[in-house]
Amino acid sequence: MKRRLALLLALVLSLSFLVGCGGKTPPDGSSGQDTQKPNSDQSEVPAGETFRMAWLHNAADQWHHQTALVCKQAIEEHFDNVEVTLFDSKGDAGEIQPFLERCIAEGDWNLVMYGTLSDDSDYIKQLQDMGTNVIYYAITWDFLDGVCSNFVCSEYELAYQSGMAVIDQIPENGKVLLLGGSEGYSGSILRGQGFMDALATRPDVTVLDYKYQKFDKVAAMTQMEDWITNYGADGFDALFSENDAMALGAIEAMNSAGIDAKAKVICGVDALFEGCTAVKEGLIDATCWQSSDEYAKALIERIEKLQSGELDAHCVDSETFDPLVVTQDNVDDLLARYAELGYTGT
Amino acid sequence: MKSISKSGTLNFIAKYSIYVITLLFMIVCSILNDKFLTGTNLINILRQVTVYAVLAFGQAILLISGNLDLCAGSTCCLAGLMALKMYLATGSLVVAVLAGMICGLVVNTISGCIVAFFRIPAFVATLGMQMAVRGVCYLITNGSMISQTGENWKFLGQGFVFGVIPVSVLIMLLSAVVLWVLMDQTTLGRNFYALGGNREAARACGINLNKNVILAFALSGLFMGLAGVLYTSRANCGVATGAQGYEGQAISATVIGGIGFAGGTGSAWGAIVGAVVLGIISNILNLLGVDSYVQQIVNGAIIVLAVGLDTFARSLRTSQ
């Protein structure tokens, strides 16, 4: 029995090896590699060769994952000769340097896109010298200013604009609860500042509590149950949440406790499908969107310029995208876009 | 006579130390915050710990039999997703619960086979399975949330019987009874204790080690699958990133509840008490408005303190 199982395992491993080495990028586009193209000093790709883009994203974060998938699809549909390979950082800053080292070691990437928390100037310079254009995204750091391109929609603005969209709906001397994302995470810090600055425009409003719940729906639900115990159903007027998922968790807790969530002022950030659905249902009053489509459009333009030779690997040309506040007034447009992308919530 | 009585008291306290500690803890909490000991809050705590507790039941079987499951969070997530998908396809909660439990059973049977037949330590085998199973979760959801769950899906995780008894708490208690019967009233349960207590002695007694390891994993998978159903039902959604790190909470609950890492000791009720202690810590810190950063420190310190006190009480009993 043991021998047969060992044989079976060996067969499976051999088959996996053969399939892995023989095939192209896997269907989900993750972590495939192709080492046929030699290094070049320019990102410009000769006719017939494949332009290769490596993208390190956090698959555990819904917005990051959705954006990577939307952009990959848009780019690969737009070009015949562009291949986008997605790598998963698992939300771990420790995965960033190994990813860059891998790109340098392989030496045949034309474009690298990644999110970072540290000064990777040395790695970036090496990549650029090898003919790889580099873009970091979703955050801006002074220490990378002028080093490589930055595609960003301000995390601060996302929260600030969402907060400002509902600030006047909070009753006089209202009491607000704040749900934070992850302790110490830069995106959370900026979103928190955005909310606090929006709330500062209403000096009569009191922030009752501010708790981090890791952008997690269930954790936020538990937090809201405890808040309801502590402050009572009428003890708060508004909830500001650093993402829609946590706002939805808090709404579940309110519904379960017999509180009419529609009577509370609730705002979130991200405007993913489920957030927009909640806006449509009147459960969330406002959320804010950083458009995956804008990223896709900017990337397509960048690749076109790199392919034509208009830009080279050393090019530093940043893009800042405006956030879009989503309310009852415009949520249908966004839901229509999600329908086009095939999101149904099931 | 006096020394016998003293020794008896010590024995009693040591045997039920975690229950005594929990009781003392609750008294302290009720002094700290007057809302703590209200019926609504206590029911809230029980509802909040159901997923951890049922996961801890699965983990308890494995720890008692000398194994460990680091894949529990991923299994919980996958089982919940499968159950939700099955519910959306059939509209039947019963079919959904069965699908979730079978999913847990299948995942853990694979882990059990890897551990039993290839002599790979459970720590390594389940760590590998953790990544693989999480990958399957991403694959079946394509990374997006299943938010359209239908009308009755949340009944198991959020519903009430007679308007006051949470369904999830009933399921947790029923699961505890099933685990108690399994571990204390059946030969299979005694085999698990023997296996965890002394592997070689168990082999010498004629216990089939491989078969029992696989059975321990398979049965624990049923509990983990059920925990997954409760998780997605409570969340009222399915998401591939769900239940991350829950294996740590389940292990904490079992260890706090007196189920030793070395195997061969502990009970189902211990696991439930361990989960409740975790729930009480989180709840009282929230009620007191303790800062998020400080909460993590206090949380860790209290867990170490509770386990330390329990270990001290046990060592007192042993020295008696």
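Which residues are linked with A:Arg52 in a network of salt bridges? They are A:Glu83 and A:Asp108. Keep in mind that this is a predicted model.

Let's start with the strands in chain A. Strand 1 covers residues 51-57, and 7 bridges join it to strand 2 of chain A. The two run parallel. A:Phe51 sits opposite A:Val82 in strand 2 of chain A. Strand 2 spans residues 82-88, and 6 of its 7 residues are buried. Add helix 2, residues 62-78, and these elements of chain A make a right-handed β-α-β unit.

Now the salt bridges. There are 17 over all chains. Take A:Glu183 and A:Lys214, with the closest N and O atoms 3.0 Å apart. A:Glu183 is in the loop between strand 6 and helix 6 of chain A, and A:Lys214 is in the loop between strand 7 and helix 7 of chain A. They are 31 residues apart. A:Lys214 is partly exposed, at 48% relative accessibility.

Next, A:Lys217 and A:Glu252 meet at 3.7 Å, N to O. This pair links helix 7 to helix 8 of chain A. A:Lys217 is buried at 8%, and A:Glu252 is buried at 8%.

One salt bridge joins two chains, because A:Glu225 lies in helix 7 of chain A and B:Arg234 in helix 11 of chain B. Their closest N and O atoms are 3.0 Å apart. Both residues are buried.

Last, cysteines. The structure has 0 disulfides over all chains. For B:Cys103, the nearest cysteine sulfur is that of B:Cys137, 8.0 Å away. B:Cys103 is buried, at 10%. Why no bond for B:Cys113? The closest cysteine sulfur, in B:Cys71, is 14 Å away, so it is too far. B:Cys113 is partly exposed, at 26%.

How values were computed:
Residues are numbered from 1 along each chain as its sequence is written. Chains are lettered from A and ligands numbered from 1 in the order in which they are written. This is a predicted model: local features need pLDDT of at least 70, side-chain atom pairs count only at pLDDT 80 or more; totals for chains, interfaces and linings use all residues. Side-chain values use heavy atoms; hydrogens and water are left out. A disulfide is a pair of cysteine sulfur atoms within 2.5 Å. Buried means under 20% relative accessible area, exposed over 50%, partly exposed in between (1.4 Å probe, protein chains only). Helices (H or I, at least four residues) and strands (E, at least two) are DSSP runs, numbered from the N terminus. Two strands pair if DSSP finds at least two bridges between them. A crossover is right-handed if, with the strands pointing away from the viewer, the path from the first strand over the helix to the second runs clockwise. A salt bridge is a side-chain nitrogen of Lys or Arg within 4 Å of a carboxyl oxygen of Asp or Glu.
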